[in-house]
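Q: Please take a close look at a single part of this chain. Start from one residue and work outwards. Keep it brisk.

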Amino acid sequence: MAASSILEGVRILDMTSVIFGPYCTATLAEMGADVIKIEPLAGDEIRRVGRPANTRGMGPAHITLNRGKRSVVWDLKTPRGKASLLRLLRRCDVFIHNLRRDAIERLGLGYEAACSLNPRLVYVHCTGFGEGGPYAGKPAYDDIIQAASGAASLLPRTDGNPSPRFLPMAMADKVAGLHATYAVLGALLHRERTGQGQTVEVPMFESFTHFLLQEHIYGRAFVPPTDPAGYPRQLDPLRQPLKCLDGYISIAPYTDERWVRFFEVTDHADFLKRENLCSARERFRALDRMSAEMACIVADKPLSYWLMLFAESDIPASEVKDLDAVFADPHLTSVGFFERRTHPSEGDYLQMRLPVRFHGSPSAEVRAAPHLGEHSEEIEDWLREGHET
């Protein structure tokens, strides 16, 4: 019997939109799950983000975040649309949505109602803020979560500009999406062991704050606190890419042994003697001085020189690349990270492969991102006929 992909046979009813939920369900689809995405009549708004003029309502974010899924459009306010959705719900393993509680209850799709139709259902609610707190039910977007979690206060600590700023990516959305992914997998494992489904809440605020404070909790981990929150190593203004003659380099000696080796291989071992940095404890306390000296040392030679020297000396270092340069990275090319594919209507596009590899199972064949409602009739026919598709 041929081996199956990790999640082959798992069917997911997806009523999420934008990034948080779709990133989760796209990841599950790449692991082999059959993800059926229920979209509103106008479609998930992420379809229109960055959309080229010559496409059929399909921008780059949609191609990436909704890969591997089937798209269904049913008017859930009509008896027919509602009946189709309920029939589909009975035949799914997971139902995941990001509607507010009052909205999902109005649709008759709260946990109790859904579970009465399908007792083994894993019911996942992607929400902004967890139940039980004063923010419960409030709308949440990435900017709101970065502001509320303290993330927007990090950059001012490193560059002296006092204005709070967002980290320039949808980090809270994506981190919460990964929390939702393991939540689905954990609930499915629980069901396999017990035969019982359950409801799972994945709040973006708590998910991102949990991620942020793994190191930044710092002295607040103790009661009473021994230091303020904020991991000093990450907030060190000198811990930044360094300018060399023709570009920028990132160097991470990190261990004491590598710091000593850095000064030796660059012919600046005298610096440690001159500064009386003779022990590991003294060097640890002088990381700021050593970082400042490192910046001076690398400034007078080209990037290629330093990359070769540090590779030979086992000192971690990397060129600081522009985003566009990443697409030609030799490592990513060698491992097949980017795959050029052809969409049936949109032409050639790049797909990123799942970074995690399951060596005991084959990779799933990932569908191209669907057009709005592309699979509505297919799913309707399957539900009427009662056979697999």
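A: Ile 36 lies in strand 2. This is a predicted model. The relative accessible area of Ile 36 is 0%, so Ile 36 counts as buried. The cut-off for that label is under 20%.

Which residues touch Ile 36, once neighbours within four places in sequence are left aside? One run of partners is Arg 11, Ile 12, Leu 13 and Asp 14. Arg 70 and Val 72 are also in contact with Ile 36. Leu 88, Ile 379 and Trp 382 complete the list. Thr 25 sits 11 residues away along the chain from Ile 36, and their C-alpha atoms are 9.5 Å apart.

Two of those partners lead to helix 17. Ile 379 and Trp 382 are among the buried residues of this helix, which covers residues 376-385. Ser 376, Glu 380 and Leu 383 are the other buried ones. Viewed down the helix axis, these buried residues fall within an arc of 165 degrees, so they line one face of helix 17. The general rule behind such a pattern is simple. An α-helix makes a turn every 3.6 residues, so positions three or four places apart point the same way.

What does the buried side of helix 17 pack against? The partners are strand 1 (11-15), strand 2 (34-39), strand 3 (69-73) and helix 3 (79-90). The opposite face of helix 17, turned away from the buried side, holds exposed residues: Glu 377, Arg 384 and Glu 385.

Charged side chains also belong to this part. Glu 380, Asp 381 and Arg 384 join Arg 80 and Arg 87 in a network of salt bridges. Within that network, Glu 380 is one of the buried residues of helix 17, while Arg 384 is on the face turned away.

Another charged pair is Lys 37 and Asp 44. Their side chains form a salt bridge, with N and O 3.1 Å apart. Are these two residues buried or exposed? Both Asp 44 and Lys 37 are buried.

Now follow the chain back from helix 17. The loop between strand 11 (347-352) and helix 17 contains Phe 358. Phe 358 has a relative accessible area of 35%, so it is partly exposed. Together with Ile 6 and Val 356, Phe 358 makes a nonpolar patch on the surface. The accessible area of this patch is about 240 Å² in total.

Strand 11 brings in a further salt bridge. Asp 348 pairs with Arg 340, and their closest N and O atoms are 2.6 Å apart. Asp 348 has 43% relative accessibility and is therefore partly exposed. Arg 340, at 66%, is exposed.

Helix 14 offers a parallel to helix 17. Helix 14 (residues 287-298) is built from 12 residues. Its end C-alpha atoms are 16 Å apart, close to the 16 Å expected at 1.5 Å a residue. Met 290, Ser 291, Glu 293, Met 294, Ile 297 and Val 298 are its buried residues. They fall within an arc of 165 degrees seen down the axis, so they too line one face of their helix. The packing partners of these residues include strand 7 (242-244), strand 8 (247-251) and helix 11 (256-265). Helix 12 (270-274), helix 13 (280-285) and helix 15 (303-312) are also among them.

Val 200 is a second residue to set beside Ile 36. Val 200 is in strand 6 (residues 198-203). Its relative accessibility is 12%, so Val 200 counts as buried. Beyond neighbours within four places, its contacts are Tyr 123, Val 124, His 125, Ala 183 and Ala 187.

Finally, the wider setting. The protein chain has 17 helices and 11 strands. Of its 389 residues, 43% are buried. Among contacts with a separation of 6 or more, 68% join residues 24 or more positions apart. The whole structure contains 25 salt bridges. The C-alpha trace spans about 80 × 50 × 45 Å along its principal axes.

Key: Residues numbered from 1 in each chain as written. Predicted model: local features only at pLDDT ≥ 70, side-chain atom pairs only at ≥ 80, totals over all residues. Heavy atoms only, no water. Buried < 20%, exposed > 50% of the residue type's maximum accessible area, 1.4 Å probe, protein only. Helix = DSSP H or I, 4+ residues; strand = E, 2+ residues; numbered from the N terminus. Arc of directions from axis to C-beta. Contact = heavy atoms within 4.5 Å. Patch = residues over 30% accessible without salt bridge, like charges linked within 9 Å, V, L, I, M, F, W, Y side chains within 5 Å. Areas by Shrake-Rupley, 256 points an atom, 1.4 Å probe, with all protein chains shown as cover. Salt bridge = Lys/Arg side-chain N within 4 Å of Asp/Glu carboxyl O. Expected span 1.5 Å × (residues − 1).
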